[in-house]
Amino acid sequence: MPAITTGTTNSKEGHMSLVGWAAEVTITSLTELFLNGVASNRLTLATGSAMAFDITVLGFSATGTSSVGYNFKGVIKNLSGTTSFTGSPLKTVLGESSADFDVEIAADDTNDALTISAKLDTGTTNTDFIAWGNILRIR
């Protein structure tokens, strides 16, 4: 993930990154999107770091009949090896062709990562999901 250094303090360094996730979702249960679409490639947080994020997610079905869009904003941190959100992330539905579609983000404490997962509605098959995020990180 390319990063631009935004500045330093006496003990921490800040970075800004643009990151992308992707996955083809074929089931109605949550399926994780991975960085660059590569399995198990997650946006991780080192111990003693925090990230502010602004992530837009788009899904479009293979048939072209369904589309969805969401935006997530929030802060995630890893303190002493425990990864969690600071407060509750803001989720905005930009548009849904079916309310049965859904996208969720999670503070994955097992992998110390910010994860994105998507699911289909019951009448849709094979939907491509992509996500693009602006990330500010202090570590």
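How many residues lie between β5 and β6 in their hairpin, and which residue in the turn has a positive phi? There are five residues between the two strands, and G64 in the turn has a positive phi of about 80 degrees. The structure is a predicted model. The protein has 11 strands and zero helices, and this briefing goes from the whole chain to single strands and then to single residues.

**Overall make-up**

- Read along the sequence, the pattern is β-β-β-β-β-β-β-β-β-β-β.
- The C-alpha trace spans about 55 × 25 × 25 Å along its principal axes.
- The radius of gyration is 16 Å, which agrees with the value near 14 Å that a compact globule of 139 residues would have.
- Of the 139 residues in the protein, 38% are buried.
- Among contacts with a separation of 6 or more, 60% are between residues 24 or more positions apart.

**Surface and charge**

- The protein has an accessible surface of about 7100 Å².
- Carbon and sulfur atoms account for 53% of that surface.
- The protein has 8 positive and 13 negative charges, and the mean positions of the two groups are 10 Å apart.

**Strand β5 and its partners**

- β5 covers residues 49-61, and its side chains alternate between two faces.
- On one face of β5, the side chains of S49, M51, F53, I55, V57, G59 and S61 are buried.
- On the other face, A50, A52, D54, T56, L58 and F60 are not buried.
- β5 runs antiparallel to β6, and 12 bridges join these two strands.
- Within this pairing, L58 stands opposite G69 in β6.
- β5 also runs antiparallel to strand β11 (residues 127-138), with 12 bridges between them.
- The bridge partner of M51 in β11 is R137.

**Strand β10 and its partners**

- Strand β10 (residues 113-119) has seven residues, and six of them are buried, so the strand is largely enclosed by the rest of the structure.
- Strand β9 (residues 102-108) is joined to β10 by seven bridges, and the two strands run antiparallel.
- In the pairing of β9 with β10, A107 stands opposite L114.
- β9 and β10 form a hairpin with four residues between the strands.
- Strand β3 (residues 31-35) is antiparallel to β10 and joined to it by three bridges.
- E32 stands opposite S117 in β10.
- Strand β4 (residues 43-44) is also antiparallel to β10, with two bridges between them.
- T44 has A113 as its bridge partner in β10.

**Positive phi outside glycine**

- D112 is not a glycine, yet it has a positive phi of about 45 degrees.
- D112 is found in the loop between β9 and β10.
- S80 is another residue other than glycine with a positive phi, and its value is near 55 degrees.
- S80 lies in the loop between β6 and β7 (82-85).
- S80 has a relative accessible area of 73%; the cut-off for exposed is over 50%, so S80 is exposed.

**S66: a buried loop residue**

- S66 is placed in the loop between β5 (49-61) and β6 (67-79).
- The relative accessibility of S66 is 8%; buried means under 20%, so S66 counts as buried.
- Apart from neighbours within four places in sequence, S66 is in contact with G59, F60, S61, S97, F101 and T124.
- S66 and T124 are 58 residues apart in sequence, while their C-alpha atoms are 7.5 Å apart in space.

**G95: a partly exposed strand residue**

- G95 is in strand β8 (residues 90-96).
- The relative accessibility of G95 is 29%; this lies between the buried limit of 20% and the exposed limit of 50%, so G95 counts as partly exposed.
- Leaving out neighbours within four places in sequence, G95 is in contact with S67, V68 and G69.
- G95 and G69 are 26 residues apart in sequence, and their C-alpha atoms are 5.2 Å apart in space.
- G69 is also the residue in β6 that L58 stands opposite.

How values were computed: Residues are numbered from 1 along each chain as its sequence is written. This is a predicted model: local features need pLDDT of at least 70, side-chain atom pairs count only at pLDDT 80 or more; totals for chains, interfaces and linings use all residues. Side-chain values use heavy atoms; hydrogens and water are left out. The radius of gyration is taken over C-alpha atoms; the globule rule is 2.2 Å times the number of residues to the power 0.38. Buried means under 20% relative accessible area, exposed over 50%, partly exposed in between (1.4 Å probe, protein chains only). Contact means heavy atoms within 4.5 Å. Accessible areas come from the Shrake-Rupley method with a 1.4 Å probe; for residues, only the protein chains shown count as cover. Lys and Arg count as positive and Asp and Glu as negative; His and the chain ends are not counted. The place of a charge is taken as NZ of Lys, CZ of Arg, CG of Asp or CD of Glu. Two strands pair if DSSP finds at least two bridges between them.
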